[in-house]
Amino acid sequence: MRKDLVILGAQWGDEGKGKIVDLLSSYYDVVVRYQGGSNAGHTVHVGGEKFVLHLLPTGILHPHTMGVIAQGMVVDLELLVKEIRELESKGISVRDRLFISDRAHVVLPYHKVLDALFERKDKIGTTLRGIGPTYMFKYARKGVRMCDLEDRGRLYNLIRENVEFVKDLCERVYCENHSLDVDTILEQTLDYYEEIKDRVGDTTIFLLESSKRVLFEGAQGTLLDVDMGTYPYVTSSNASALGLSNGTGLPPKFFAKSYFVGVSKAYTTRVGEGPFPTELQDEEGQRLRDIGKEYGATTGRPRRCGWLDLVALRHAVRVNGLDGIILTKLDVLDSFEKIKVCVAYECEGKLMEDFPSSLRALGKVKPVYKEFDGWLSNTMGVKDVSKLPSKAKDYIEFIENYLGVPVVMLSSGPRREEYAWLKPFLQVEVIKE
Ligand code: IMP
């Protein structure tokens with residue numbers, strides 16, 4: 001029986017998916033990224049070395065895995081080539097194990113110009129990697145896809161038309177001039193393409209015809225999903241399970257037997273603007289930031305920190321149809337005497353248990369907390385659940401009961417080997433058969 005694995009961010013991204021994907025990829029043959037682009041920053045610590053991957057599927061660090069960049073991604077070729085070369089310089093050759101969709105859209109310099117411009121006008125706190133405008137052009141049917149790079153004449157016309165449009169917009173609407181040059185963009189794009197062109201093709205057919213075990217690696221998180229997140233303070237792709245089918249080009253029923261796991265920190269963080277009901281703007285928030293080293297992997301920005309929000313997390317469980325949760329960074333709470341979790345919102349005297357669609361409502365809610373006594377002992381590096389302090393077990397059990405799904409695994413530190421299984425995890429048993 002085929003059992004693929006889907007790993008998704010259950011919060012606002014930065015949940016520690018990189019480490020989990022890296023760890024579990026050892027059980028899979030193919031690892032697929034299918035949405036977002038270089039806005040992601042997946043950090044992995046292997047053998048004393050730190051890797052931060054933005055575009056390549058994290059699972060590709062294992063020598064046996066094949067990495068797929070599927071059609072729903074937006075690809076910055078300069079960064080992709082840089083990432084491939086960097087891994088090669090560390091002795092990890094990925095070129096032969098990489099397959100890039102010819103339908104994926106290409107991020108170009110004029111997308112980044114627009115990203116920066118929009119941010120100056122209405123700040124969302126984007127990563128400035130040109131992600132939103134690339135999707136914008138995709139849906140306006142003005143995008144450049146990987147397959148367009150095979151036709152120089154067509155590519156020239158597309159870039160020229162888009163550059164003219166962007167320059168015009170900048171000048172007329174925003175009174176700004178930009179020195180975007182069509183020929184330079186064309187030549188640079190084709191130079192980078194040359195380095196990877198033999199790895200580009202129809203990844204959908206490849207996945208449909210393959211009998212291999214596949215791990216689907218989500219980027220960002222459910223609350224940043226363009227439809228199910230805190231719109232408009234979201235990314236521009238479907239970062240929840242909703243993005244799987246359009247991001248891979250695979251029919252929804254392809255995923256019917258997959259196991260869906262959501263990664264969540266034992267507390268909450270977010271970068272960028274937007275509502276965050278359990279945010280702590282005080283010393284406790286700073287403590288979480290310091291202990292958890294909460295600074296963005298892509299932009300280096302300090303992350304906003306707060307207590308675990310179970311209302312938001314249950315929204316993620318429902319939207320993604322999660323079978324289990326992988327809890328990360330429990331050890332960050334080790335020294336806290338009191339730990340709070342949000343179990344409901346209060347809005348104008350009314351209790352709310354569901355995550356609201358309206359930003360106005362979310363901006364007004366006050367978290368209703370349940371308070372726990374801290375366990376005040378070290379859980380860093382723990383590999384055996386029975387060794388967890390009983391108060392930490394109580395904390396985990398409460399989360400499970402509230403969400404109605406099990407916490408199947410704990411990540412107990414940044415390194416590959418720092419984890420503990422909590423519940424028998426389907427995939428691994430299947431693989432061992
Ligand atoms: P964009 O994806 O760069 O357009 O940014 C939109 C929003 O998503 C901003 O709030 C970003 O900070 C956030 N975001 C994008 N990628 C990530 C990520 O990988 N982790 C956390 N937040 C992200």
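Visitor: What makes the pair formed by a ligand oxygen atom and a backbone atom of glycine 125 a polar contact?

Guide: In this predicted model, an oxygen atom of the ligand lies 3.1 Å from a polar backbone atom of glycine 125. A polar contact needs N or O atoms within 3.5 Å, so this pair counts as one.

Visitor: How do you know that the side chains of aspartate 14 and threonine 127 also make polar contacts with the ligand?

Guide: By the 3.5 Å limit again. A ligand nitrogen atom is 3.0 Å from an N or O atom in the side chain of aspartate 14, and a ligand oxygen atom is 2.6 Å from an N or O atom in the side chain of threonine 127. Both values are within the limit, so both pairs count. As for cover, the protein takes up 97% of the 470 Å² of accessible area that the ligand has on its own.

Visitor: How many residues surround the ligand, and what kinds are they?

Guide: There are 15, with Asp14, Asn39, Thr127, Thr235 and Arg301 the closest. The shell divides into six nonpolar, seven polar and two charged residues.

Visitor: What is notable about the phi of aspartate 14?

Guide: Its phi is near 60 degrees, a positive value in a residue other than glycine. Most residues other than glycine have a negative phi. Aspartate 14 sits in the loop between β1 (5-9) and α1 (17-25).

Visitor: Why is the peptide bond between tyrosine 231 and proline 232 worth listing?

Guide: That bond is cis, with omega about 5 degrees. Most peptide bonds are trans. Proline 232 belongs to the loop between β10 (214-217) and α8 (243-248).

Visitor: Why are α10 and α12 called oblique to each other?

Guide: Helix α10 (residues 310-320) packs against helix α12 (residues 390-403) at an angle of about 55 degrees, the axes being 10 Å apart. This angle is not under 35 degrees and falls short of the 65 to 115 range, so the pair is oblique. The crossing of α10 past α12 is right-handed.

Visitor: What makes α5 oblique to α6?

Guide: Helix α5 (residues 152-174) and helix α6 (residues 182-196) pack at about 135 degrees, with axes 9 Å apart. The value lies outside 65 to 115 and is not over 145, so α5 is oblique to α6. Their crossing is right-handed.

Visitor: Why are α2 and α6 also called oblique?

Guide: For helix α2 (residues 77-89) and α6 the angle is about 40 degrees, with axes 9 Å apart. Roughly parallel would require an angle under 35 degrees, and roughly perpendicular starts at 65, so oblique is the term that applies. Here α2 passes α6 in a left-handed crossing.

Technical notes
Residues are numbered from 1 along each chain as its sequence is written. This is a predicted model: local features need pLDDT of at least 70, side-chain atom pairs count only at pLDDT 80 or more; totals for chains, interfaces and linings use all residues. Side-chain values use heavy atoms; hydrogens and water are left out. A residue is near a molecule or strand if one of its heavy atoms lies within 4 Å of it. A polar contact is a pair of N or O atoms within 3.5 Å; within protein, one must be able to donate a hydrogen and the other to accept it, and residues adjacent in sequence count only if both atoms are side-chain atoms. Accessible areas come from the Shrake-Rupley method with a 1.4 Å probe; for residues, only the protein chains shown count as cover. Ala, Val, Leu, Ile, Met, Phe, Trp, Tyr, Cys and Pro count as nonpolar, Asp, Glu, Lys and Arg as charged, and the others, Gly among them, as polar. Axes are lines fitted to C-alpha atoms, for helices over the stretch in contact, and angles run from 0 to 180 degrees between N-to-C directions. Helices (H or I, at least four residues) and strands (E, at least two) are DSSP runs, numbered from the N terminus. A crossing is left-handed if the near helix is turned anticlockwise from the far one by less than a right angle, and right-handed if clockwise.
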